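Visitor: I should like to examine this protein with you, beginning with its sheets and ending with its loops. May we look at the structure together?

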Amino acid sequence: MPVSLRIIFMRSVVACVLGVSCLGWIVELIGPPHGTAIVHVTESAVEVSVGGRVFVVSQPHDLSPIVCKLPPGEHELTMTRSGRELYRETFTIHRDRGTVLTAYDTARYPKATASHE
């Protein structure tokens with residue numbers, strides 16, 4: 001193979017490797033444009049608001065976690081019963097990450113620690 005063809009071939013291979021590497025890096029950075037909030041609710045007969053979306057937990061057997069996909073940024077979790085606020089917390093969602101929160105009645109459990117990432 002002549003030298004000029006080898007140089008062209010090597011340049012093509014290097015360009016392909018660099019192109020594929022750059023595309024892989026871009027795809028990794030983009031990822032999903034949302035994060036996930038998983039909210040455990042310890043009370044029944046309540047309304048729970050997660051990032052502006054409202055969920056009604058009516059029966060004790062409805063206490064399975066609430067899972068919400070939310071855009072990155074600060075959001076608010078509130079839990080009310082008959083118009084009375086039982087719990088409020090501001091939390092941050094990061095892209096492609098989950099946050100676990102627990103909504104509880106702060107009058108019944110005033111010193112409980114509720115959330116973690």
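Visitor: In what order do the 3 strands of the open sheet with mixed pairing stand?

Guide: This is a predicted model, in which local features need pLDDT of at least 70 and side-chain atom pairs count only at pLDDT 80 or more, whereas totals for chains, interfaces and linings use all residues. Residues are numbered from 1 along each chain as its sequence is written, and side-chain values use heavy atoms, with hydrogens and water left out. Strands are DSSP runs of E with at least two residues, helices are runs of H or I with at least four, and both are numbered from the N terminus; two strands pair if DSSP finds at least two bridges between them. β4 and β7 stand at the edges, each with a single partner strand, so one side of each lacks a neighbour in the sheet. The order is β4-β1-β7.

Visitor: Which strand runs parallel to β1?

Guide: Strand β4 (residues 66-70) runs antiparallel to β1, with 5 bridges between them, and Gly 35 stands opposite Leu 70 of β4. On the parallel side there are 6 bridges, and Val 39 stands opposite Leu 101. The parallel partner is β7 (residues 98-103).

Visitor: Which residues of β1 point to the buried face?

Guide: Buried means under 20% relative accessible area, exposed over 50%, and partly exposed in between, with a 1.4 Å probe and protein chains only. Side chains alternate along β1 (residues 35-41), and Thr 36, Ile 38 and His 40 point to the face where they are not buried. The buried residues on the other face are Gly 35, Ala 37, Val 39 and Val 41.

Visitor: In what order do the 4 strands of the antiparallel open sheet stand?

Guide: β3 (53-57) and β6 stand at the edges with a single partner strand each, so one side of each has no neighbour in the sheet. β2 and β5 pair in the antiparallel sense over 4 bridges, and Ser 49 has Thr 78 in β5 as its bridge partner. The order is β3-β2-β5-β6.

Visitor: Which element gives the most residues to the largest nonpolar core?

Guide: A nonpolar core is a set of buried Ala, Val, Leu, Ile, Met, Phe, Trp, Tyr and Cys residues joined through side-chain atoms within 4.5 Å. Of the 19 residues in the largest one, Val 39, Val 41, Val 48, Val 50, Leu 77, Met 79 and Phe 91 touch the most other members. Two or more residues come from each of β1, β2 (46-50), β4, β5, β6 and β7. The element giving the most, with 4 residues, is β6.

Visitor: Which residues does Val 39 touch, not counting those up to four places away in sequence?

Guide: Val 39 is one of the buried residues of β1, and it belongs to the largest nonpolar core. Taking contact as heavy atoms within 4.5 Å, the residues that Val 39 touches are Val 50, Pro 65, Ile 66, Leu 77, Leu 101 and Ala 103.

Visitor: Why does the aromatic pair count as tilted?

Guide: Rings of Phe, Tyr and Trp (its six-membered ring) pair if their centres lie within 6.5 Å; planes under 30 degrees apart count as stacked, over 60 as edge-to-face and the rest as tilted. A search of the whole structure finds 1 such pair. The ring centres of Tyr 87 and Tyr 104 are 4.9 Å apart, and the pair is tilted because its planes stand at 50°.

Visitor: Where do Tyr 87 and Tyr 104 lie?

Guide: Both Tyr 87 and Tyr 104 are buried. Their pair links distant parts of the chain, 17 residues apart. Tyr 87 lies in strand β6, and Tyr 104 in the segment after β7.

Visitor: What is the phi of Ser 82?

Guide: Most residues other than glycine have a negative phi. Ser 82, in the loop between β5 and β6, is exposed because its relative accessible area is 79%. The phi of Ser 82 is positive, near 50°.

Visitor: Is Asp 96 buried or exposed?

Guide: Asp 96 is found in the loop between β6 and β7. Its phi is near 65°, a positive value in a residue other than glycine. With a relative accessibility of 51%, Asp 96 counts as exposed.
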